[in-house]
Amino acid sequence: QVQVVESGGGLVQAGGSLRLSCAASGSIFRTNLMAWYRQAPGKQRDLVARIRSGAAYYADSVKGRFTISRDNAKNMLYLQMNSLKPEDTSVYYCNTVPPLNNIWGQGTQVTVSS
């Protein structure tokens, strides 16, 4: 069974930084396009960044501030978040692209205070 565990979230002031980590089990991680998604209260879940073989894509709202990376040997996905803004406050999840419903984890809460 494929599982993911997200970590690294927390409370930070605007302008601060956080690094999120996602530990994934199973071969699906190594062979798939992986991504970070986020969902704020009352809003839909949106893709933030995706990566495969070093090629990354970012949503316009985070471009230049966030960096996605992966370690295929360790089945780990990362999201370095700099210059955080209050509008970045969300629960952050990792999953494949397109997302698989059976591997959504608990997510990690990121709260940015103004």
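Is C94 buried or exposed? C94 counts as buried, because its relative accessibility is 0%, and the cut-off for a buried residue is under 20% relative accessible area. This briefing concerns a predicted model. The topics are the disulfide to which C94 belongs, an open sheet of 6 strands, and the salt bridges, of which the structure holds 3.

**The disulfide**

- A search of the whole structure finds 1 disulfide.
- This bond joins C22 to C94, with a distance from S to S of 1.8 Å.
- The two cysteines come from distant parts of the chain: C22 belongs to strand β3 (residues 18–24) and C94 to strand β9 (residues 90–96), and they are 72 residues apart.
- The disulfide is right-handed, because the torsion about the S-S bond of C22 and C94 is about 50 degrees.
- C22 has a relative accessible area of 0%, and is therefore buried.
- Its partner C94 is likewise at 0% relative accessibility and counts as buried.

**The open sheet**

- The 6 strands of the open sheet follow the order β2-β10-β9-β4-β5-β6, and their pairing is mixed.
- Strands β2 (10–13) and β6 (55–58) are the edge strands, each of which pairs on one side only.
- On average, and with direction ignored, neighbouring strands of this sheet are turned by 20 degrees against each other.
- Strand β9, which contributes C94 to the disulfide, stands between β10 and β4 in the strand order.

**Strand pairs within the sheet**

- Strands β2 and β10 (residues 108–113) run parallel and are joined by 4 bridges.
- Within this parallel pair, L11 stands opposite T111 in β10.
- Strand β4 (residues 34–39) pairs with β5 in the antiparallel sense, over 5 bridges.
- A35 has R50 in β5 as its bridge partner.
- Strands β4 and β5 form a hairpin with 6 residues between them, and G42 in the turn has a positive phi of about 75 degrees.
- Strands β5 (residues 46–52) and β6 run antiparallel, and 4 bridges join them.
- R52 has A55 in β6 as its bridge partner.
- Strands β5 and β6 also form a hairpin, here with 2 residues between them, and S53 in the turn has a positive phi of about 50 degrees.

**The salt bridge network**

- The structure holds 3 salt bridges.
- One of them brings together the side chains of D88 and R38, at 2.9 Å from N to O.
- D88 lies in the loop between β8 (76–81) and β9, whereas R38 lies in strand β4, so this salt bridge ties together parts that are 50 residues apart in sequence.
- Both D88 and R38 are buried.
- R65 also forms a salt bridge with D88, and the closest N and O atoms of this pair are 2.7 Å apart.
- This second pair links distant parts of the chain: R65 is in the loop between β6 and β7 (66–71), D88 is in the loop between β8 and β9, and the two are 23 residues apart.
- R65 is buried, as is D88.
- Through shared partners, the salt bridges join R38, R65 and D88 into one network.

**The salt bridge of D60 and K63**

- D60 forms a salt bridge with K63, in which the closest N and O atoms are 3.1 Å apart.
- D60 has a relative accessible area of 68% and is therefore exposed, whereas D88 and R38 are buried.

Terms used
Residues numbered from 1 in each chain as written. Predicted model: local features only at pLDDT ≥ 70, side-chain atom pairs only at ≥ 80, totals over all residues. Heavy atoms only, no water. Disulfide = S-S within 2.5 Å. Buried < 20%, exposed > 50% of the residue type's maximum accessible area, 1.4 Å probe, protein only. Pairing = 2+ DSSP bridges. Axes fitted to C-alpha atoms, helices over the stretch in contact; angles between N-to-C directions. Salt bridge = Lys/Arg side-chain N within 4 Å of Asp/Glu carboxyl O.
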